[in-house]
Structure formats: structure tokens, C-alpha cells
Amino acid sequence: MTFVTLPSNDKLWYFIKNVPSSNAPLVLIQGRGLDHHGWDSVLNEFTDRTIVLIDHRGTGQTTAPLSSEWSTRDFANDIITILDHAGIDKVHVYGHSMGGRIAQWLAAEHADRIIALAIGGTSVGDGTGLPRPAAGVAALASGDPSALASLFYPDDWIAANPQQAASVFPTPHSPEVMSIHGKASDRPDGPIPENITVPTLILHGTDDPISDPGNAAILGNRIPHAEVCMIPGARHAYWAGNPEVHASVAKFLLLNDPK
């Protein structure tokens, strides 16, 4: 594990997983209130390349502070700082939920660094997308662990995989952090989708109660060179019980690796 020490002496945490590979590295970006452990259940599906894991400000081992107006663009700039520190020039990026909003900024503003983009369970950053379904709003507000888990996973999958289901519970450093993450995630200040020009794969569960599934079609219609993959019956963590999903992501990344 490695820290980037900022001029303020605060630190950004990241971890480089897997041995160096001829395939391009992959940055995994999780959603609001989640540290890198949100990816624990899928890491074995990307063993063919180096993976860069990060802890957002306000989560995990990152100690750098958040301002009250922190944005998804600010989170994206942190990732560029981490890549510079790691000496990594070009990467694939895969962002889920708020991580998908962050990833859109990376592709729109740092296209020279991003080879291909995968975004899942996310929304349209510029405010032209569909709002969160009412059931998702209520469950997020409740803070009830069982309600939160049901937003991400089908009930039968939760019963069979309780430990993995718990890995998606937000663990921010404080309630204030969770509020800042929430505002950053919901603020309509993202990039214009048409400004994303790298090859893009958009994934979404058809029963996602956190991000309206219609957002996938909007992004797919507006991002040039985008492919949309809808996962029938899946909730916010659309890969649960669907191993073919990340097999398709791995194939997409491989097809876009520099030759």
C-alpha cells in the first residue's frame, strides 16, 4: 500500500494489486461512502492486469480532508494525482455509482490518460438524467443495513453471501463525510456526455433502485462510441449472481488494450 503526501501533509491512499502485465492497468472507483473494499467480491475477475485501488477522501486510510463543496470533479483530480505518483500514464477506468460520475470526469477532461471507460449503475452527470427512484431515496435515508443491502443485491443472493453483501455498506469517517459524498454524487455539475470520446461500456441492472435504469440509455445515446449492457432483474450491484457481467467487462478492456 502507498500514500500520496499532499503539500498540506494530508495523505491519499492507494494500492497496486497484481503483478505487472502487458495489459493496461485498471483503476477501480467505488461510490459514496465506500472505500476500496467495495470491490472485494470482484477482484478475482480482473487478474489479467494490474489494478489500482483507491480510498476516497473521507474513507479508509485516506486522511486528506473534504471541503463542504467537494465535487465528483475533485475526486477525479485526486485520482490523477495518484496515477502521477504511481508513475502510471494510461489506464482503463471502471467506476460504479458515484464512481461512475467520477469516471465520467476522468474521461472528459483527461482523455489522453484514459484508454477505455466502463461505468455502471450511474447517472448522467450534467443533470439531464432521471432522478433516483423513491424506494431508493427512502432506503438510503433510513440507514437500515438490511434495507441498504436490498438496494444492491437480490434477497436470495444476500442470504447466500452475507459477508460479501456487507462489503457495500458505506463506512465513511463521519456522518459529515457521508453528507458531502451524497451532495457530490447528486449535484448536477458533471461533464457533458458528448465530451466523452473514449470507448465506453455502460452497465446497469434493470431493477436498480438507486440509479434509475433509464440513465443507461441516456448516457448510451449521448456518449459517442458507447455500448450499453442491461442486466435483467439485477439491482445496483448488477454483477451479483451474474458472472458473465464482469467477463464482458474484461473482454471489453482486452479489446481496447493498446496493441
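1. What volume does the second largest cavity have? About 40 Å³. The model is a predicted one, and the points below deal with its empty spaces and one helix pair.

2. Cavity count. Searching the whole structure turns up three cavities of 30 Å³ or more. The largest has a volume of about 140 Å³.

3. Lining of the second largest cavity. The residues here are L12, I54, D55, H56, R57, F75, D78, I79 and I82. Helix α1, residues 72-86, gives the largest share, with four residues. Five of the lining residues are nonpolar, one is polar and three are charged.

4. Lining of the largest cavity. This space is lined by 16 residues. Those that lie nearest its centre are R32, S97, L140, F152 and I210. By class, the lining splits into eight nonpolar, six polar and two charged residues.

5. The α3/α4 pair. Two packed helices are described by the angle between their axes and the distance between the axes. Here helix α3 covers residues 134-142 and helix α4 residues 145-152. Their axes come within 8 Å and cross at roughly 140°. The crossing of α3 past α4 is left-handed. On the α3 side, A135, G136, A139, L140 and S142 make the contact. On the α4 side, the residues are A147, L148 and L151. Six residues of this contact are nonpolar and two are polar, with no charged residue.

6. Second largest pocket. About 160 Å³ of space lies in this pocket. Its lining consists of R32, L140, G143, L148, F169, P170, P172 and M178. Six of these are nonpolar, one is polar and one is charged. Two names recur from the helix pair: L140 and L148 line the pocket, and L140 of α3 and L148 of α4 also take part in the helix contact. R32 and L140 line this pocket, and R32 and L140 are also among the residues nearest the centre of the largest cavity.

7. Largest pocket. This one holds about 300 Å³ of space. Its lining has 21 residues, and R101, S123, L130, S185 and D186 are the closest to its centre. Helices α2 (98-109) and α7 (175-186) each supply at least two lining residues. By class, the lining has six nonpolar, ten polar and five charged residues.

8. Residue to check on screen. L140 is worth tracing through the points above: L140 belongs to the α3 contact with α4, lies among the residues nearest the centre of the largest cavity, and lines the second largest pocket.

Conventions. Residues numbered from 1 in each chain as written. Predicted model: local features only at pLDDT ≥ 70, side-chain atom pairs only at ≥ 80, totals over all residues. Heavy atoms only, no water. Axes fitted to C-alpha atoms, helices over the stretch in contact; angles between N-to-C directions. Left-handed = near helix turned anticlockwise from the far one by under 90°. Contact = heavy atoms within 4.5 Å. Nonpolar A, V, L, I, M, F, W, Y, C, P; charged D, E, K, R; others polar. 1 Å grid on protein atoms, 1.4 Å probe; cavity = no way out; pocket = protein on both sides within 12 Å on 5 of 7 lines; lining within 4 Å. Points joined across faces, edges and corners; volume = space filled by probe spheres on them.
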